[in-house]
Amino acid sequence: MSRLVVVSNRVAMPDNAGSASVGGLTMALAAALQQYRGVWFGWSGDTTPTFTGEAHVRETGGVTIATIDLEAQDVQEYYNGYANTVLWPLFHYRIDLTEYERAFGEGYARVNSRFAETLQSLVRPDDMIWVHDYHLIPLAQELRQRGLKNRIGFFLHIPWPACQLLTTLPQHQELVEALFAFDLLGFQTQDWLNAFNGYVTDELDGKIHGDGYVSAFGRTVRVGAFPIGIDADNFAQIVQSPAAAKSYDQAAATNVYRDLIMGVDRIDYSKGLEERFAAYDQFLQTHPEFRERVTYLQIAQTSRSEVETYQDIRTRLDGVAGRINAAYGTLDWTPLRYVNRAYGRDFLAGVYRAAKIGLVTPLRDGMNLVAKEYVAAQNPRNPGVLVLSRFAGAARQMKAALIVNPYSREDVADAIKRGLTMPQPERRQRWEALMTGIETDDVSTWRDSFVAALKACRPQAHPVSAPTIATAGANETVIRSPAGRRGVEAQARRCDAGHHRNFVGVANIPAGADRADDRPIFAADKDAAGRRRHVAAAHREQGGVEEGLGGRPLGELAAAEPHAEGALGLGGGDVGSE
Ligand code: ADP
Ligand code: G6P
């Protein structure tokens with residue numbers, strides 16, 4: 001029987017004790033898989049001195065969970081490095097926080113290759129594979145190169161950046177090319193999909209077909225927007241649980257004379273917490289009549305704490321929270337309660353219900369599930385008000401919220417005031433509209449529509465077949481790739497993993513060189529100093545490289561042909577050199 005194999009970096013079945021690894025992705029996948037009985041594969045979160053490739057397999061709630069341990073260097077370069085110091089800030093429009101290091105890219109490629117290595121042995125020919133998020137963009141390419149023909153879909157949980165931002169990433173084309181090894185690409189909203197399509201047309205000269213397919217790099221993939229939702233039925237049950245009733249009572253009793261304003265986020269600069277604190281400060285300053293009549297509770301769990309930008313934001317938030325409490329607090333009133341820990345689902349549900357305002361003001365967010373949970377937890381007769389950033393993907397769907405610009409403290413402060421004073425009929429009207437959307441577009445709709453689209457995908461017109469690698473002489477490696485120049489470059493980097501600085505570049509052999517057809521062959525050699533040099537030839541594949549090039553060794557060709565030398569980019573360009 002065909003199974004759904006879900007792959008994500010983070011694998012965590014949420015527990016009610018308050019999991020250490022919270023986040024929208026695991027919340028959604030745990031809910032999606034429980035009803036499906038599938039396999040969930042990813043990183044265990046643990047390290048091992050030497051990568052073994054062995055998966056630890058266990059069953060939980062009908063789901064088979066398979067995880068691998070990574071080496072400390074992998075975690076540093078792939079997770080802390082490329083994923084969370086390069087892609088995360090860049091995709092959240094923070095190029096000022098993006099730090100490119102070549103070692104990060106190598107670690108990213110290596111870990112994706114390791115994921116593929118282990119996953120290959122777990123996958124059956126008729127399984128469908130669904131890969132999640134920015135950590136694993138090259139995974140389908142790796143799997144295809146190992147001969148996997150399964151349907152493979154990809155869902156991006158975070159925004160897709162505007163073209164001008166993405167092009168600041170070294171090797172951005174290579175990254176996007178890897179996406180074309182999937183059959184289906186899913187985005188949270190039409191905005192992010194439009195941004196992807198913009199890159200394909202403007203940067204790749206690709207084609208957007210009217211039927212949901214997109215072509216570039218000689219391949220065609222299906223694309224779509226699949227907004228993620230929460231498990232609305234399950235959340236409705238949780239809200240009625242005794243534990244939720246208890247936390248509701250606690251929160252309501254503590255704030256009996258005060259209205260509760262609430263936020264729940266991972267500590268992440270994309271969540272706009274610093275700006276939110278400033279807006280609350282502004283609110284207290286401009287509306288002194290509300291002092292001692294409101295409390296703002298911010299639950300903010302630490303996240304990615306080995307990454308410097310996350311350490312910085314945490315330090316700054318501690319400072320701002322302290323300043324607000326020092327400025328406005330009294331003997332029996334703490335204006336801002338700032339708590340850095342994870343809570344169980346039921347506890348959260350009760351506190352959400354007690355809060356008169358749900359403050360969800362990210363500066364940029366793929367979707368944001370907290371906004372949906374807050375609404376789902378409300379008392380239908382007397383619901384609270386959601387204040388939502390226009391830059392969260394959720395704002396596309398949740399138009400009945402008070403939509404704000406999180407960069408404007410006045411705007412957010414006004415919305416807080418408006419929410420606190422909103423008459424009950426208007427609150428109910430807005431809540432009903434929001435709740436209808438949450439029930440209709442829940443996590444099952446998300447999963448089922450993605451899986452249906454993946455099943456219905458046309459098979460790839462140009463499947464990515466493996467590059468071939470052969471040794472041609474003592475110092476020469478020959479790489480041929482049907483994916484063309486980029487395929488060779490990508491493979492050369494993989495060959496060189498760990499020795500990436502030896503990679504020099506690829507070049508097209510000039511047209512004069514005995515060209516019999518257009519089929520590309522590619523080759524690499526080492527120069528006299530022992531540096532490896534990769535040469536790409538638009539040339540007929542026959543016998544060996546030297547035979548095809550009239551018996552001349554590659555090094556000689558590169559030196560003798562000015563065209564080839566120039567194209568090799570030995571003087572610089574986007575190729576690596578020692
Ligand atoms: P992101 O995935 O970027 O963290 P989302 O808002 O989409 O943002 O999802 C966050 C998820 O993590 C929600 O389901 C939320 O309830 C949960 N969560 C966030 N912080 C906590 C916390 N401190 N304790 C428990 N759950 C949390
Ligand atoms: C966001 C990302 C997820 C990630 C989660 C928590 O939701 O889209 O991929 O799992 O944040 O972050 P972490 O780094 O702890 O997995």
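The following paragraphs lead through the strand pairings of this predicted model and then through the surroundings of ligand 2.

A suitable point of entry is strand E1, which spans residues 4-10. This strand is mostly covered, with six of its seven residues buried. E1 has pairing partners in both E5 and E2. With strand E5, residues 128-132, E1 forms a parallel pairing that extends over five bridges. Within that pairing, Ser 8 has His 132 of E5 as its bridge partner. With strand E2, residues 39-47, the pairing of E1 is likewise parallel, and it runs over four bridges. Here Arg 10 stands opposite Trp 43 in E2. As a general rule, the side chains of a regular strand alternate between the two faces of the sheet.

A further set of pairings involves strand E10, which covers residues 219-225. Strand E7, residues 184-187, pairs with E10 in the parallel sense over four bridges. In this pairing, Phe 187 has Ala 225 of E10 as its bridge partner. Strand E9, residues 213-216, also pairs with E10 over four bridges, but in the antiparallel sense. Ser 215 finds its bridge partner in E10 at Thr 220. E9 and E10 form a hairpin with two residues between the strands, and in this hairpin Phe 217 takes a positive phi near 55 degrees.

Attention now turns to ligand 2, and with it back to Arg 10. How many residues surround ligand 2? There are 12, and the closest of them are Arg 10, Tyr 79, Asp 133, His 135 and Arg 304. Thus Arg 10, the residue opposite Trp 43 of E2, is also among the closest residues to the ligand. By character, the shell around ligand 2 comprises five nonpolar, three polar and four charged residues.

Several side chains place polar atoms by the oxygen atoms of the ligand. For Asp 133, a side-chain N or O atom is 2.5 Å from an oxygen atom of ligand 2. For Arg 10, the corresponding distance from a side-chain N or O atom to an oxygen atom of ligand 2 is 2.9 Å. Arg 266 has a polar side-chain atom that lies 3.5 Å from an oxygen atom of ligand 2. Taken alone, ligand 2 exposes 370 Å², and the protein buries 92% of that area. Two helices, H1 (24-34) and H2 (72-91), are the elements that give two or more residues to the shell around ligand 2.

Key. Residues are numbered from 1 along each chain as its sequence is written. Chains are lettered from A and ligands numbered from 1 in the order in which they are written. This is a predicted model: local features need pLDDT of at least 70, side-chain atom pairs count only at pLDDT 80 or more; totals for chains, interfaces and linings use all residues. Side-chain values use heavy atoms; hydrogens and water are left out. Buried means under 20% relative accessible area, exposed over 50%, partly exposed in between (1.4 Å probe, protein chains only). Two strands pair if DSSP finds at least two bridges between them. A residue is near a molecule or strand if one of its heavy atoms lies within 4 Å of it. A polar contact is a pair of N or O atoms within 3.5 Å; within protein, one must be able to donate a hydrogen and the other to accept it, and residues adjacent in sequence count only if both atoms are side-chain atoms. Accessible areas come from the Shrake-Rupley method with a 1.4 Å probe; for residues, only the protein chains shown count as cover. Ala, Val, Leu, Ile, Met, Phe, Trp, Tyr, Cys and Pro count as nonpolar, Asp, Glu, Lys and Arg as charged, and the others, Gly among them, as polar.
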